[in-house]
Structure formats: C-alpha cells, structure tokens
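Q: Hey, got a minute to go through this one with me? I'd like to talk about what holds it together.

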Amino acid sequence: MKRATFLGLAVFLAGCGGSGPREPDRVVVMRSAPVAFGPISKACLQSGRDGRTRELCGCIQAAADKTLTNSQQRRAVSFYSDPHRAQEIRQSKRPVDEEFWDAYVRYGKLAEQLCT
C-alpha cells in the first residue's frame, strides 16, 4: 500500500513540472541610497529631530554634494538651528539669495528622490 501511494505521488509530482517554456528566474535588485558625510549630515544628526538616522542624514548629504556648493551647504546648515532663516532667504529679492534658493530647491527634490 505504501509503495502504491508513493508511486502515485511520484507520478503526480512529475506531471506538475509541465513541458512548456520555463519562465526566467526573477532577479531582485535592492536599491541602496548613497551615503556621504559632511556639514549637512552632521547638522542632521545633531538636530534632535525624530526619524534621523546615520543612513538618512548621509543620504541627504549625498544629495547636497550633487546639488550645492560647499558655501551653499554651510548656508543650508544654518536652517537646522534657525528654520525661519530659510523663509527669509526664500522671500529675498537679492540675486545671490535667489540663486541659492533655486539650488536649495533642486537639492530638496533630489534628496526626496534618493532618500525616501
């Protein structure tokens, strides 16, 4: 009886394989966010904000490295301790502030893409 059951099970399982074309194996590629260290990542880590991690702050720094100059990064660091300063710069009509704000917006969009 055991042999008959085993033989029946083996025949059933052999038929499950099918003879059609085999689907290719799926490959899952994990996307990892870039990580860097600099003035923005340091300010981010020291900010005391909920949700900050070394990885997130490093990713934000990597976005800054791609979009902001060193002096623009130093300027952006001031927003961590004085968020109202960002509003003042955003509303400023000075060409240097407008140029900075355009770069800062690009930085924010890239950080959102890379780090979320």
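A: Happy to! One thing to fix beforehand: a helix here is a DSSP run of H or I with at least four residues, and helices are numbered from the N terminus. Also keep in mind that this is a predicted model.

Q: Noted. Let's use that on a salt bridge, then: how are Glu88 and Arg85 separated in helix α5?

A: By about one helical turn, because the two sit 3 residues apart in α5, which covers residues 83–91. Their side chains meet in a salt bridge, at 3.3 Å from N to O.

Q: Buried or exposed, what's Glu88 like? And Arg85?

A: In between, for both. Glu88 is partly exposed, with a relative accessible area of 36%, and Arg85 also counts as partly exposed, at 31% relative accessibility.

Q: How many salt bridges does the structure hold?

A: There are 3. Besides the one in α5, Arg75 pairs with Asp97, where the closest N and O atoms are 2.3 Å apart. Arg75 belongs to helix α4 and Asp97 to helix α6, so this pair ties together parts that lie 22 residues apart in sequence.

Q: And which residue does Arg94 bridge to?

A: Asp97 again, with a closest N to O distance of 3.7 Å. That gives a network of salt bridges linking Arg75, Arg94 and Asp97.

Q: Interesting. Where do those three stand on accessibility?

A: They cover the whole range of labels. Asp97 is buried, with a relative accessible area of 4%. Arg75 is partly exposed at 22%, while Arg94 is exposed at 51%.

Q: Changing topic: how many disulfides turn up in the structure?

A: A search of the whole structure finds 2. Cys44 is joined to Cys57, with the sulfurs 2.0 Å apart, and Cys59 is joined to Cys115, also with an S to S distance of 2.0 Å.

Q: Where do the ends of the Cys59 and Cys115 link sit?

A: Cys59 is in helix α3 and Cys115 is in helix α6, which spans residues 95–115, so the link ties together parts 56 residues apart in sequence. Its torsion about the S-S bond is about -95 degrees, so this disulfide is left-handed. Both of its cysteines are buried.

Q: OK, and what's the handedness of the Cys44 and Cys57 link?

A: Left-handed, with -60 degrees about the S-S bond. The pair links distant parts of the chain, from Cys44 in helix α2 (residues 39–46) to Cys57 in helix α3 (residues 54–67), 13 residues apart. Cys44 and Cys57 are both buried.

Q: What's the pairing if I number the bonded cysteines in sequence order?

A: It reads 1-2, 3-4.

Q: Let's stay with α2 for a second. Which of its residues are buried?

A: Ile40, Ser41, Ala43 and Cys44. They cover an arc of only 165 degrees around the axis, which puts them on the same side of α2. What covers them includes α3, α4 (70–81) and α6. Just after α2, Gly48 takes a positive phi of about 80 degrees.

Q: And α3? What's its reach from end to end?

A: Its 14 residues reach 20 Å from the first C-alpha to the last, close to the 20 Å expected at 1.5 Å a residue. The buried residues of α3 include Cys57 and Cys59, along with Ile60, Gln61 and Thr67. Its buried residues pack against α2, α4 and α6.

Q: Last topic, aromatics. How many pairs are there?

A: The search gives 6 aromatic pairs. Take Tyr104 and Tyr107: the ring centres are 5.4 Å apart and the planes are at 55 degrees, so the pair is tilted. An angle over 60 degrees would count as edge-to-face.

Q: Where do those two tyrosines lie?

A: Both are in helix α6, 3 residues apart, which is about one turn of the helix. Tyr104 is partly exposed, with a relative accessible area of 21%, whereas Tyr107 counts as buried at 6%.

Q: And which residues do the ring pairs link into a cluster?

A: Phe79, Phe100, Trp101, Tyr104 and Tyr107.

Note on methods: Residues are numbered from 1 along each chain as its sequence is written. This is a predicted model: local features need pLDDT of at least 70, side-chain atom pairs count only at pLDDT 80 or more; totals for chains, interfaces and linings use all residues. Side-chain values use heavy atoms; hydrogens and water are left out. A disulfide is a pair of cysteine sulfur atoms within 2.5 Å. Buried means under 20% relative accessible area, exposed over 50%, partly exposed in between (1.4 Å probe, protein chains only). The arc is that of the directions from the helix axis to the C-beta atoms. Contact means heavy atoms within 4.5 Å. A salt bridge is a side-chain nitrogen of Lys or Arg within 4 Å of a carboxyl oxygen of Asp or Glu. The expected span of a helix is 1.5 Å times one less than its number of residues. Rings of Phe, Tyr and Trp (its six-membered ring) pair if their centres lie within 6.5 Å; planes under 30 degrees apart count as stacked, over 60 as edge-to-face and the rest as tilted.
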